[in-house]
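Student: Could you take me through one part of this model closely, namely the open sheet and the core that goes with it? I would like one connected account.

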Amino acid sequence: QVRLVESGGGLVQAGGSLTLSCAASGPIFSINTMNWYRQAPGKQRELVATITSGGTANYPDSVKGRFTVSRVNANNTGYLEMNSLKPEDTAVYYCNADRIFTASGTLFGSWGQGTQVTVSS
């Protein structure tokens with residue numbers, strides 16, 4: 001079985017920092033692109049970061065300059081460092097893998113369970 005397990009969510013004051021982790025486990029050869037999404041109550045799911053297997057990252061304007069995405073391919077773990085947090089960053093954050101290459105075949109669109117981030121004023 002291949003699983004994505006997220007951790008690191010919690011409560012933080014505005015202006016603070018938090019780092020989320022996404023650990024992929026199982027018979028994995030490699031992962032191409034990893035993404036981070038968030039969904040606030042009553043809102044659409046929003047892409048907040050993407051990173052290729054080579055380390056090229058992209059961000060929307062809403063988080064650009066404040067969030068940094070990274071990954072360690074050797075242990076199939078992704079990270080999202082969040083700085084200068086604002087109350088509007090409050091959401092459930094999800095890790096996503098575009099393609100996971102395994103001994104049994106290729107998995108498309110794998111998701112973690114989500115982790116809650118709450119930013120207080």
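**The open sheet and the core**

Tutor: Four strands form an open sheet in the order E1-E3-E9-E8, with antiparallel pairing. Strands here (E, at least two residues) are DSSP runs numbered from the N terminus, and two of them pair if DSSP finds at least two bridges between them. Strand E1 (3-7) and E8 are the edge strands; each has a single partner strand, so one side of each is left without a neighbour in the sheet. On average, neighbouring strands of this sheet are turned by 15 degrees against each other, direction ignored; the axes are lines fitted to C-alpha atoms, and angles run from 0 to 180 degrees between N-to-C directions.

Before going on, a word on the basis: this is a predicted model, in which local features need pLDDT of at least 70 and side-chain atom pairs count only at pLDDT 80 or more, while totals for chains, interfaces and linings use all residues. Residues are numbered from 1 along each chain as its sequence is written, and side-chain values use heavy atoms, with hydrogens and water left out.

Now look at one edge of the sheet. E8 and E9 pair in the antiparallel sense over six bridges, and Phe-67 has Met-82 in E9 as its bridge partner.

Met-82 also leads us to the core. The largest nonpolar core (buried Ala, Val, Leu, Ile, Met, Phe, Trp, Tyr and Cys residues joined through side-chain atoms within 4.5 Å; buried means under 20% relative accessible area, with a 1.4 Å probe and protein chains only) has 26 residues, of which Leu-20, Trp-36, Leu-80, Met-82 and Tyr-93 touch the most other members. Among the strands that each supply at least two residues of this core are strand E3 (18-25), strand E8 (67-72) and strand E9 (77-82). E10 gives the most, with five residues.

Tyr-93 is a good residue to centre your view on. Not counting residues up to four places away in sequence, Tyr-93 is in contact (heavy atoms within 4.5 Å) with residues including Leu-20, Phe-67, Leu-80 and Met-82. Its other partners include Glu-6, Tyr-37, Arg-38 and Val-48.

Finally, follow E10 to Thr-102, which lies in that strand (residues 91-102). Thr-102 counts as buried because its relative accessibility is 11%. A polar atom of the Thr-102 side chain lies 3.2 Å from the backbone nitrogen of Ser-104, and one lies 2.8 Å from the backbone oxygen of Gly-105. Leaving out residues up to four places away in sequence, Thr-102 touches Val-2, Pro-27, Phe-29 and Leu-107.

Key. Buried means under 20% relative accessible area, exposed over 50%, partly exposed in between (1.4 Å probe, protein chains only). A polar contact is a pair of N or O atoms within 3.5 Å; within protein, one must be able to donate a hydrogen and the other to accept it, and residues adjacent in sequence count only if both atoms are side-chain atoms.
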